[in-house]
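Dear colleague,

I am handing over the structure we spoke about, which you will find just below. After it I have set out what was found, region by region, so that you can follow along with the model open.

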Amino acid sequence: MRIVCVIPARIGSVRLPHKPLCLLAGEPLVRVVARRALELDLPGPVVVASDDERVLNAVAPLGVHGVLTRSSHRSGTERVAEVVSSPQYSDADVVVNLQGDEPFIPADAVYGAVGRVRAGDDVGTAAQPLDGRGPRASVVRVAVTKAGRAVSFFRDAAPPGGRPAGHAVLEHIGVYAYTPRRLLAWLALPPTPDEGDQDLEQLRPLHHGWRIGVASLEAREAHSIDTETDLRLAEAML
């Protein structure tokens with residue numbers, strides 16, 4: 001099985017400007033994430049996809065693949081799709097979209113997301129217990145059935161319409177897995193109003209009835225970086 005791991009790293013982050021190049025323990029964040037991806041030892045290449053040469057230069061010392069993508073992409077999924085559409089990567093069995101703000105991504109999250117796809121879900125992702133600090137705009141939550149399928153993604157304390165009985169609410173981890181065919185099919189789906197309202201692109205396939213499988217971690221291991229405060233907390237952890 002060949003897994004192509006793509007790290008989309010857009011330079012124009014809104015919440016944290018120039019996020020891929022922000023320093024974490026003296027290194028650009030994107031380099032820390034790429035190094036973590038290499039440590040996962042996936043059976044295939046690690047690719048950093050960005051619209052800025054400075055980001056690719058930052059990861060060049062690691063020996064990962066770098067692809068300069070168009071600046072017009074509206075989402076990380078579109079950026080990953082540009083990479084996977086090229087002949088060099090189109091033969092992947094599974095594509096992993098690892099968000100460029102996940103320097104502590106657990107192996108169980110990545111392999112769990114891949115496992116959900118191999119078990120038949122359209123998309124695989126991962127989640128972990130909430131941290132108890134209450135609703136924050138930078139934290140994405142997911143309501144999950146007992147069978148491990150997502151029913152809603154949201155940023156508020158509770159999903160729209162209230163929490164469905166019997167569903168766990170967890171913190172979403174920024175990783176997706178899909179086959180190349182399903183990745184391109186995702187982008188062919190008509191956009192939905194809720195994905196724009198909440199700035200959550202995964203609401204599009206969910207709205208259209210896709211099965212999004214969620215690998216649930218038993219303990220908090222991932223710590224994404226969306227704000228300057230997150231960056232300082234991550235430095236303290238390191």
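A polar contact, as I use the term here, is a pair of N or O atoms within 3.5 Å, where within protein one atom must be able to donate a hydrogen and the other to accept it. Please keep in mind throughout that this is a predicted model.

With that definition in hand, the loop between strand 6 and helix 4 is a convenient place to begin, and Gln99 is found there. The side chains of Gln99 and Asn97 are joined by a polar contact of 2.7 Å. Leaving out residues up to four places away in sequence, Gln99 also touches Ile7, Pro8 and Val33, together with Gly174, Val175 and Tyr176.

A second polar contact involves Asp91, which lies in the loop between helix 3 (76–84) and strand 6 (94–98). The side chain of Asp91 meets the side chain of Arg2 in a polar contact of 2.4 Å. Asp91 and Val4 are 87 residues apart in sequence, while their C-alpha atoms are 9.0 Å apart in space. Asp91 has a relative accessible area of 47%, and therefore counts as partly exposed.

Next comes the interior. The largest nonpolar core has 43 residues, and the members that touch the most others are Ile7, Val48, Val96, Leu98, Ile105, Ile173 and Val175. Several elements each supply at least two residues of this core, among them strand 1 (3–9), strand 4 (46–50), helix 2 (53–59), strand 10 (168–178) and helix 8 (228–237). Helix 1 gives the most to this core, with six residues. There is also a second, separate core of 31 residues, which includes Ala127, Leu200, Leu206 and Trp210.

Val175 gives a fair picture of the surroundings of one core member. With residues up to four places away in sequence not counted, Val175 touches Val96, Asn97, Leu98, Gln99, Ile105, Ala109, Val110, Ala113, Gly124, Thr125 and Ala126. Of these contacts, Thr125 is found in strand 7 (residues 123–128). Thr125 counts as buried because its relative accessibility is 0%, the cut-off for buried being under 20%. On the same basis of leaving out sequence neighbours, the residues that Thr125 touches include Ala113, His172, Ile173, Tyr176, Ile212 and Val214.

Three helices deserve a closer look. In helix 1 (29–39), the buried residues are Leu29, Val30, Val32, Val33, Ala34 and Ala37. These buried residues pack against strand 1, strand 2 (23–24), strand 3 (27–28), strand 4, helix 2 and strand 6. Helix 1 is followed by Asp41, which has a positive phi, near 55°.

In helix 4 (107–118), Ala109, Val110, Gly112, Ala113, Val114, Arg116 and Val117 are buried. What covers them includes strand 1, strand 6, strand 7, strand 10 and strand 11 (212–216). At 1.5 Å a residue, the 12 residues of helix 4 should span 16 Å, and the end C-alpha atoms are indeed 16 Å apart, so the two values agree. Just after helix 4, Gly120 takes a positive phi of about 120°.

In helix 5 (residues 180–188), the buried residues are Pro180, Arg182, Leu183 and Trp186. Seen down the axis of helix 5, these buried residues fall within an arc of 165°, so they line one face of the helix. On the other side of helix 5, Arg181 and Ala188 are exposed. The buried residues of helix 5 pack against helix 3, strand 6, strand 7, strand 10 and helix 7 (203–207).

Leu187 also has its place in helix 5, and with a relative accessible area of 29% this leucine is partly exposed. The C-alpha atoms of Leu187 and Thr77 are separated by 7.8 Å, although the two residues are 110 apart along the chain. Setting aside neighbours within four places in sequence, Leu187 is in contact with Thr77, Glu78, Ala81 and Arg204.

Finally, a word on the cysteines. Cys5 counts as buried, at 1% relative accessibility, and Cys22 is buried as well, with a relative accessible area of 15%. If a disulfide is taken as a pair of cysteine sulfur atoms within 2.5 Å, the count of disulfides comes to zero.

With best wishes

Technical notes. Residues numbered from 1 in each chain as written. Predicted model: local features only at pLDDT ≥ 70, side-chain atom pairs only at ≥ 80, totals over all residues. Heavy atoms only, no water. Helix = DSSP H or I, 4+ residues; strand = E, 2+ residues; numbered from the N terminus. Buried < 20%, exposed > 50% of the residue type's maximum accessible area, 1.4 Å probe, protein only. Contact = heavy atoms within 4.5 Å. Core = buried A, V, L, I, M, F, W, Y, C linked by side-chain atoms within 4.5 Å. Expected span 1.5 Å × (residues − 1). Arc of directions from axis to C-beta.
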